[in-house]
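Colleague: I'd like to learn how to read charged side chains in a model. Could you walk me through them?

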Amino acid sequence: MNKKIIVALDLDDINKTLKLVKELKKEAYAFKIGHEFFYNFGINGYKKIYNICPKIFLDLKLHDIPNTVQKGLKAISKLKPIFTTIHISGGDEMQKISALKNNKKTNILGVTILTSLDNKQTEKYYKEKNVNILVKKFANYAKKNNLSGLVCSPLEINIVRKEVGKEMVLVVPGIRPEKKSKDKKDDQKRTLTPKEAINLGADFLVIGRPIIESKNPLETIKKINHSIQ
């Protein structure tokens, strides 16, 4: 099976998290550790996950002056994640310094526009109502600055692929297994199903809540894997 799912471990319970990783590791490509888990359990918690499954996407979305980001990436590289992230909006120099840190063990992914933002928010903060135009620009900057890949909404996969070609890795959050009526608690604004995202050209899908909050996480990830084969 060609694994494509990165399970997001957005949890504040270390024991539940470790249990999930053990249960799902044969079905997942990797596991994503973000702010909630990392700031609760730190490097020790990270290593506990790593010891069960060493394929980790450490998603801390660095965004600071270039020198600070460079030092942050140097520290992150010691943890040997397969992916980590920076915000493309941090500028060219920050991206170029980050690209120098790309190696066989850790790929630096550029975050385009967060999937929680809609056109009202992008107009307010980026002076651009059309999210697609923004994402296209950001993808082009990341390619020119030699980042390994991108994080983008599933609705922008096609735009990004046309802009950067097939070489850059596309890691896609905002995946929802079923089309449902809008959940007010769901902060993802731009979503697609796993099959739709893969067909458009996503390399890997980041899926958290639909798996980890389901009654049977293992059965849920198996169904998603089956749907995208």
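Colleague: Let's start with a pair. Which side chains meet in a salt bridge at 3.2 Å, N to O?

Modeller: Happy to help, and keep in mind that this is a predicted model. The general idea is to look for a Lys or Arg nitrogen within 4 Å of an Asp or Glu carboxyl oxygen. Here, the side chains of Asp59 and Lys32 fit, with N to O at 3.2 Å. Asp59 belongs to strand S3 (residues 56-62) and Lys32 to strand S2 (residues 30-33), so this salt bridge ties together parts 27 residues apart in sequence.

Colleague: Are these two buried or exposed, Asp59 and Lys32?

Modeller: For that, compare the relative accessible area with the cut-off: under 20% is buried. Asp59 has 6% relative accessibility, so Asp59 counts as buried. Lys32, at 9%, is buried because its value also falls under that cut-off.

Colleague: What other residue forms a salt bridge with Asp59, with the closest N and O atoms 2.7 Å apart?

Modeller: That partner is Lys61, with 2.7 Å between the closest N and O atoms. Lys61 is partly exposed, at a relative accessible area of 23%. When pairs share a residue, read them together: Lys32, Asp59 and Lys61 are linked in a network of salt bridges.

Colleague: How many salt bridges does the structure hold?

Modeller: The structure holds 3. One of them joins Arg161 and Asp203, whose closest N and O atoms are 2.7 Å apart. This pair links distant parts of the chain: Arg161 sits in helix H7 (residues 157-164), while Asp203 is in the loop between helix H8 (194-200) and strand S8 (204-207), 42 residues away.

Colleague: And how do I read the accessibility of Arg161 and Asp203?

Modeller: Take each partner separately. Arg161 is buried, with a relative accessible area of 14%, whereas Asp203 counts as partly exposed at 24%.

Colleague: What about charges on the surface: which residues gather in a patch of negative charge?

Modeller: For a patch, look for like charges joined within 9 Å, on residues with over 30% relative accessible area and no salt bridge. In this model, Asp10, Asp12, Asp13 and Glu36 gather in such a negative patch on the surface.

Colleague: Where is the place of Asp12?

Modeller: Asp12 is in the loop between strand S1 (5-8) and helix H1 (14-24). With a relative accessible area of 52%, Asp12 is exposed.

Conventions. Residues numbered from 1 in each chain as written. Predicted model: local features only at pLDDT ≥ 70, side-chain atom pairs only at ≥ 80, totals over all residues. Heavy atoms only, no water. Helix = DSSP H or I, 4+ residues; strand = E, 2+ residues; numbered from the N terminus. Buried < 20%, exposed > 50% of the residue type's maximum accessible area, 1.4 Å probe, protein only. Patch = residues over 30% accessible without salt bridge, like charges linked within 9 Å, V, L, I, M, F, W, Y side chains within 5 Å. Areas by Shrake-Rupley, 256 points an atom, 1.4 Å probe, with all protein chains shown as cover. Lys, Arg positive; Asp, Glu negative; His and termini not counted. Charge placed at Lys NZ, Arg CZ, Asp CG, Glu CD.
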